Amino acid sequence: MEGECIAMLIDSVNYYEMHAEDFVASTLNVEMSKLYAEFEKYLNSGCKIMDLGCGSGRDSKYFIDKGYNVVAIDPSPTMCEKTKVLSGVTTYTLKAEELAFEDEFNAVWACASLLHVAREDQIIVFRKICYALKQGGIFYCSWKCGNQNRLEKGRYFTDFDEQYLNRVLADVPELQLIRSWVTTDVRFDYSEQKWLNVLLRKVIK
């Protein structure tokens, strides 16, 4: 099973390598203001943000332009380069499963990125993100709504629902749920797609 999951992840990375221009064109100008506003309610000026799964660099550019300190991470070398060119932030070509930061970030932004992590690795990644956060740090993440593991157009997806989110959080008690809510995809061609959005805080000890 482990080998199968690695192969699926490789397929997903290859998808972004092969379709980088189309992906950037379809996501760069997506309206994100409501999600940004919800995230920023919990941020302080100049705080350090990890943009995990940075893709085109759209979000990194927004955050750096707002005066935050941003580090961008993506498993796709091409996406990292796109982000660096667009935003000028430091980038690392890493999978979420390879994170090794500790007590470094005030916030982690993982918008539509952990959905490519295999289901059996979600708890591991949550723990790594928790380690990377400072006490009281904020973590935003989102997945397509559902309860399936699936391949779609050359990419692997882990869908999330509230029930599975609660199972994951039960294993990572250091992360406290602030709120979760469902939104509709703002892209015209995906208007029927629902997303589970989640805001978490690392418990202050």
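Guide: Before we start, a helix here is a DSSP run of H or I with at least four residues, and helices are numbered from the N terminus. Also, keep in mind that this is a predicted model.

Visitor: Fine. Which residue follows H5, with a positive phi?
Guide: H5 covers residues 77–87, so we look just past its end. The residue that follows has a phi near 80°, and it is Gly88.

Visitor: Which residues in H5 are buried?
Guide: Buried takes a relative accessible area under 20%. In H5, the residues that are buried are Met79, Cys80, Thr83 and Ser87.

Visitor: Within what arc do those buried residues fall, seen down the axis of H5?
Guide: Met79, Cys80, Thr83 and Ser87 are the ones to follow. They line one face of the helix, because looking down the axis of H5 puts its buried residues within an arc of 100°.

Visitor: Lys82 is in H5 as well. Which residue does its side chain meet in a salt bridge?
Guide: In general, side chains of opposite charge can pair when their charged atoms come close. For Lys82, the N to O distance is 2.4 Å, and the partner is Glu21.

Visitor: How many residues apart in sequence are the parts that this pair ties together?
Guide: Glu21 belongs to helix H2 (residues 20–27), while Lys82 belongs to helix H5. The pair therefore ties together parts whose separation in sequence, in residues, is 61.

Visitor: And Glu21, is it buried or exposed?
Guide: Its partner Lys82 is partly exposed, at a relative accessible area of 25%. Exposed means over 50%. Glu21 has 53% relative accessibility, so it counts as exposed.

Visitor: How many salt bridges are there in the whole structure?
Guide: Lys82 with Glu21 is one salt bridge, and Lys144 with Glu152 is another, at 3.7 Å from N to O. A search of the whole structure gives a total of 11.

Visitor: Let's take Arg150. With which residue does it form a salt bridge?
Guide: Arg150 counts as buried, at 18% relative accessibility. Its partner is buried too, with a relative accessible area of 4%. The closest N and O atoms of the two are 2.8 Å apart, and that partner is Asp159.

Visitor: Which residues are joined into one network by salt bridges that share partners?
Guide: Start from the pair of Arg150 and Asp159. Another pair is Lys144, buried at 6%, with Glu152, partly exposed at 24%. Shared partners link these into one network of Lys144, Arg150, Glu152 and Asp159.

Visitor: On to the cysteines. How many disulfides does the structure hold?
Guide: A disulfide needs two cysteine sulfur atoms within 2.5 Å. For Cys54, which is buried at 5%, the closest cysteine sulfur is that of Cys80 at 4.7 Å, too far for a bond. Cys145 is in no disulfide either, with the nearest cysteine sulfur in Cys141, 12 Å away. The number of disulfides is 0.

Visitor: Last one: what is the radius of gyration of the protein chain?
Guide: The chain has 7 helices and 9 strands, and buried residues make up 49% of its 205 residues. The globule rule gives 17 Å for 205 residues, and the chain's value is close to that, so the chain is as compact as a globular protein of that length. Its radius of gyration is 16 Å.

How values were computed: Residues numbered from 1 in each chain as written. Predicted model: local features only at pLDDT ≥ 70, side-chain atom pairs only at ≥ 80, totals over all residues. Heavy atoms only, no water. Salt bridge = Lys/Arg side-chain N within 4 Å of Asp/Glu carboxyl O. Helix = DSSP H or I, 4+ residues; strand = E, 2+ residues; numbered from the N terminus. Buried < 20%, exposed > 50% of the residue type's maximum accessible area, 1.4 Å probe, protein only. Arc of directions from axis to C-beta. Rg over C-alpha atoms; globule rule 2.2 N^0.38 Å.
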